[in-house]
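Good morning, and thank you for the invitation to speak. Please look at the structure together with me as I go through its surface, its composition and two of its sheets.

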Amino acid sequence: MASFLEDKDSEKMIVAAIDFGTTYSGYAFAFRNDYANDALRIQGNTWNSGSRVGISLKTPTCALFTPEQKFHSFGFEAEDKYADLAIDDEHHDWYYFRRFKMMLYNNPHISRQSTIEDDKGKLMNALEVFSAIIFYLREHMLRAMHARSISEGVQDDEVHWVLTVPAIWSDQAKQFMREAAKKAGIRSDQLDIALEPEAASIYCKHIPVGKRGQELCQAGEDIAGLEAICPGTKYLVLDAGGGTIDITVQEVQGDGSLHQVYMANGGDWGGTKVDEAYEEFLIELVGPQVWDRFKMENRDAYLDIVREFEIKKRTITPEIDQKITFKVPIALNEVYQDMRGEELRLSVSEGRRGRKMAWIGDKLRVDASEAKKLFETACGAIVEHVERIFEQEDAAGTSIILMVGGFSESPMLRHAVRERFGSRKRIIIPQDAGLSVLKGAVLFGFDTRVISTRVMKHTYGIQTSKKFRQEDPESRKTVKKGIVYCNDKFSNHVARGQSVNIGEATEYHDYFPLTDEQTRLALRVFTSERAKPKYCETQNCTYIGKMLVDLPMNLPESDRGVSVRLRFGGTELSVEATVKKTEQTTNAQFDFGVLETGK
């Protein structure tokens with residue numbers, strides 16, 4: 001492989017990061033002079049928490065659009081406005097999106113035409129929704145800078161943006177976010193994509209050591225500060241967010257850079273799994289028919305349940321032993337009584353859980369043991385997955401678990417991790433675990449080279465035609481200009497599990513047009529979990545998009561071949577191509593399905 005790195009970091013006057021989270025979102029920024037003197041001098045925004053008392057450093061990832069699909073509001077403001085509309089029964093034609101980021105994790109064929117559902121099942125173009133929110137956060141930050149009189153003389157091209165994404169996201173999802181940012185007015189050359197667990201790791205790397213470092217860490221079992229993360233140390237980053245759990249294993253190098261030793265992995269076991277468990281708990285109490293009617297006819301009351309639980313779940317701890325009170329709207333009891341002919345409180349007291357809960361007015365009193373069960377699925381999946389990672393050869397010698405992300409602030413998850421690993425590993429939890437990704441993304445924007453290597457999650461290859469061999473299946477045989485080809489060969493560019501340096505490129509692979517009329521090659525890109533797949537269209541390979549390469553038209557047919565190489569190691573893949581005959585660069589780009597109308 002060849003290595004290449006273009007240093008543009010020193011040109012960035014201001015770095016602004018947007019953490020577009022499943023549950024909460026926010027932004028932060030820093031000036032180069034501040035970064036040079038004190039890397040942790042990062043400024044953010046405090047959001048007024050709407051109808052609730054207090055302020056927050058992030059705002060809920062909720063967006064409200066008018067009946068005409070025009071952006072109206074975001075965050076706490078969107079929550080309050082939609083609740084008011086629902087009280088007046090005027091919300092039906094509006095579009096309210098909440099916790100919709102996961103659609104990028106769940107949709108393998110995301111494109112510009114993809115749609116997402118709002119809370120009532122109404123569809124809207126996904127790119128329009130995402131780009132409107134990025135635009136809102138971008139403009140909000142620029143206005144905040146101006147209001148603080150710190151943006152005088154700052155030009156748009158002096159602000160470099162960083163957008164965070166889960167490390168386990170697909171290449172298609174990353175490209176979708178870049179497209180959304182472009183639509184929101186952020187130029188592609190002014191944007192970096194940061195992987196969330198890496199960003200958090202970068203932030204923690206900058207937390208001062210010694211006495212001050214001790215003070216910045218939460219007091220608790222097995223938490224003693226960050227000075228243990230020194231050169232040669234392997235540590236596991238557990239980034240527990242609202243939607244996804246992102247995990248990677250890194251090793252600190254002698255020059256302070258971070259070397260990934262085990263590929264990014266994880267799953268959808270974030271904090272929203274606890275919310276889902278609570279809703280399933282209520283459905284079990286009232287029945288699915290009652291619950292569906294309640295949600296449809298009492299949207300404002302349902303929103304109250306959601307917002308109330310978001311606060312209440314943070315108070316559930318492993319040590320708590322008294323009953324926990326959940327506020328439940330009277331409207332739910334009224335719907336239950338209308339459909340079942342009896343009061344809900346009587347049904348609860350007579351049910352199989354009757355001794356463990358009681359209904360008093362608009363409050364449900366639940367035994368602590370029942371409340372703790374809401375965390376079992378999420379916490380269990382996380383610790384089991386981490387256990388499996390520690391069993392891998394590449395993760396051998398990992399001595400630290402670094403817990404970051406909003407869900408890492410949950411006492412229940414912390415307890416689950418300590419119970420399983422506390423006797424074997426050192427567990428470090430920064431005080432502002434929920435802001436580690438956001439602040440780390442700013443630091444990453446100033447020095448993208450701090451991550452020196454990454455481990456490939458997949459084998460990447462190009463579907464190509466090669467001369468037919470005896471072992472090739474007859475079904476893949478094709479004849480072009482009298483020559484027999486196998487038309488489904490996997491041209492391997494990089495293998496799963498391979499460690500790749502940042503900016504590193506594969507060796508060139510040569511590709512040729514099959515007809516005189518071709519003006520560009522549309523090379524189909526596949527990934528595989530296998531290291532050396534032979535054919536593309538099998539159950540072991542996945543089509544992820546196309547590589548588009550312009551062909552020279554002023555050369556004889558035999559000289560129109562191109563040499564192509566992929567550049568790995570960054571948070572996104574890139575492609576380079578040259579005309580084989582002249583060695584001149586030709587235009588090439590990836591299209592991971594986002595630019596297409598479909599697959």
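The protein exposes about 26,400 Å², and carbon and sulfur atoms supply 46% of that area. I should say at once that this is a predicted model. Turning from the surface to the interior, 56% of the 599 residues count as buried, where buried means under 20% relative accessible area.

The protein has 16 helices and 34 strands. How do its contacts spread along the sequence? Among those between residues at least 6 apart in sequence, 70% join residues at least 24 apart.

Let us now take an open sheet of seven strands. Please follow the order with me: β22, β21, β15, β16, β17, β23 and β27. The pairing in this sheet is mixed. Which strands stand at its edges? They are β22, residues 426–428, and β27, residues 499–501. Each of these two has a single partner strand, so one side of each is left without a neighbour in the sheet. Neighbouring strands of this sheet are turned against each other by 25° on average, with direction ignored.

At the β27 edge, the partner is strand β23, residues 451–455. These two strands pair in the antiparallel sense, over three bridges. To find one place where they meet, please locate V455, whose bridge partner in β27 is S499.

At the other end of the order, a helix joins the picture. Helix α15, residues 411–421, lies across β15 (234–240), β21 (400–404) and β22. Its direction runs at about 175° to β21.

I come next to an open sheet of three strands, in the order β18, β20, β19. Here the pairing is antiparallel. Why does one side of β18 and of β19 lack a neighbour in the sheet? Both β18, residues 324–327, and β19, residues 357–360, stand at the edges with a single partner strand each, so one side of each is left free of a neighbour there. The twist from one strand to the next averages 20°.

Strand β20, residues 363–366, is joined to β18 by four bridges, and the two run antiparallel. Within this pair, I324 stands opposite V366 in β20. Helix α8, residues 272–286, packs on this sheet and touches β18, β19 and β20. The direction of α8 makes about 105° with that of β20.

Thank you for your attention.

Conventions
Residues are numbered from 1 along each chain as its sequence is written. This is a predicted model: local features need pLDDT of at least 70, side-chain atom pairs count only at pLDDT 80 or more; totals for chains, interfaces and linings use all residues. Side-chain values use heavy atoms; hydrogens and water are left out. Two strands pair if DSSP finds at least two bridges between them. Axes are lines fitted to C-alpha atoms, for helices over the stretch in contact, and angles run from 0 to 180 degrees between N-to-C directions. Contact means heavy atoms within 4.5 Å. Buried means under 20% relative accessible area, exposed over 50%, partly exposed in between (1.4 Å probe, protein chains only). Accessible areas come from the Shrake-Rupley method with a 1.4 Å probe; for residues, only the protein chains shown count as cover.
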